[in-house]
Amino acid sequence: MPTESPPLKRGERGWKAATFVIFVGTGITYASWVTRTPAIRSSLGVDTGDMGLIILGLSIGSMAGLLLAGPVVARIGARNVIAAAATVASLGLFTV
């Protein structure tokens, strides 16, 4: 039997919306990169094995980011980390 969630507080709505926007932005970023993978491989002049290593590097970088995110957020705050990450991701997306 489903239960109704309590209404969100004023500040929680903003965080919920911000989280949604960040996840959508991340999804668009990865989707645009993945769809361009063949063109990127051709422009770099690498074979399939080298492209696999590039993708492995992206995975390792993602894991490192996950491990470092907690201490960075604790040190400089969630709002600053989100703003910096969104800026860097936007610049990367426009560069691609």
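**Helix contacts and their names**

Author: In this predicted model, Trp15, Ile22, Ile28, Thr29 and Ser32 of helix α1 meet Ala78, Arg79, Ile82, Ala86 and Leu93 of helix α4.

Reader: What is the make-up of the contact of α1 with α4 by class?

Author: There are seven nonpolar, two polar and one charged residues. Arg counts as charged, and Arg79 is one of the residues of α4 in this contact. Thr29 and Ser32 of α1 also take part, and Thr and Ser count as polar because they are on neither the nonpolar nor the charged list.

Reader: Why are α1 and α4 called roughly parallel?

Author: Helix α1, residues 10-35, and helix α4, residues 78-95, pack at an angle of about 25 degrees. Angles under 35 degrees count as roughly parallel, and α1 and α4 are therefore described in that way. Their axes are 11 Å apart, and α1 passes α4 in a left-handed crossing.

Reader: What makes α3 and α4 oblique?

Author: The axes of α3 and α4 cross at roughly 120 degrees and come within 7 Å. The range for roughly perpendicular is 65 to 115 degrees, and roughly antiparallel requires over 145. An angle of roughly 120 degrees fits neither description, and the pair is therefore oblique. Val72, Val73 and Ile76 of α3 make the contact with Ala78, Asn80 and Val81 of α4. By class, this contact has five nonpolar, one polar and no charged residues.

Reader: Which name describes the crossing of α1 with α2, and why?

Author: The axes of α1 and helix α2, residues 37-44, cross at roughly 55 degrees and come within 4 Å. This angle is not under 35 degrees and does not fall in the range 65 to 115, so α1 is oblique to α2. Trp33, Val34 and Thr35 of α1 and Thr37, Pro38 and Ile40 of α2 form the contact. It has four nonpolar, two polar and no charged residues.

Reader: Which residues does Trp33 touch beyond its neighbours within four places in sequence?

Author: Trp33, found in helix α1, is in contact with Ile40, Met51, Ile54, Ile55 and Leu58 when those neighbours are left aside.

Reader: How do you know what span to expect for helix α3?

Author: At 1.5 Å a residue, the 29 residues of α3, residues 48-76, should span 42 Å. The end C-alpha atoms of α3 are 40 Å apart, which agrees.

Reader: Where does α3 bend, and what follows α3?

Author: The bend is at Ala69 and amounts to about 40 degrees, with a proline, Pro71, following within four residues. Just after α3, Gly77 takes a positive phi of about 100 degrees.

Key:
Residues numbered from 1 in each chain as written. Predicted model: local features only at pLDDT ≥ 70, side-chain atom pairs only at ≥ 80, totals over all residues. Heavy atoms only, no water. Axes fitted to C-alpha atoms, helices over the stretch in contact; angles between N-to-C directions. Helix = DSSP H or I, 4+ residues; strand = E, 2+ residues; numbered from the N terminus. Left-handed = near helix turned anticlockwise from the far one by under 90°. Contact = heavy atoms within 4.5 Å. Expected span 1.5 Å × (residues − 1). Bend = angle between axes of the 7 residues up to and from the residue.
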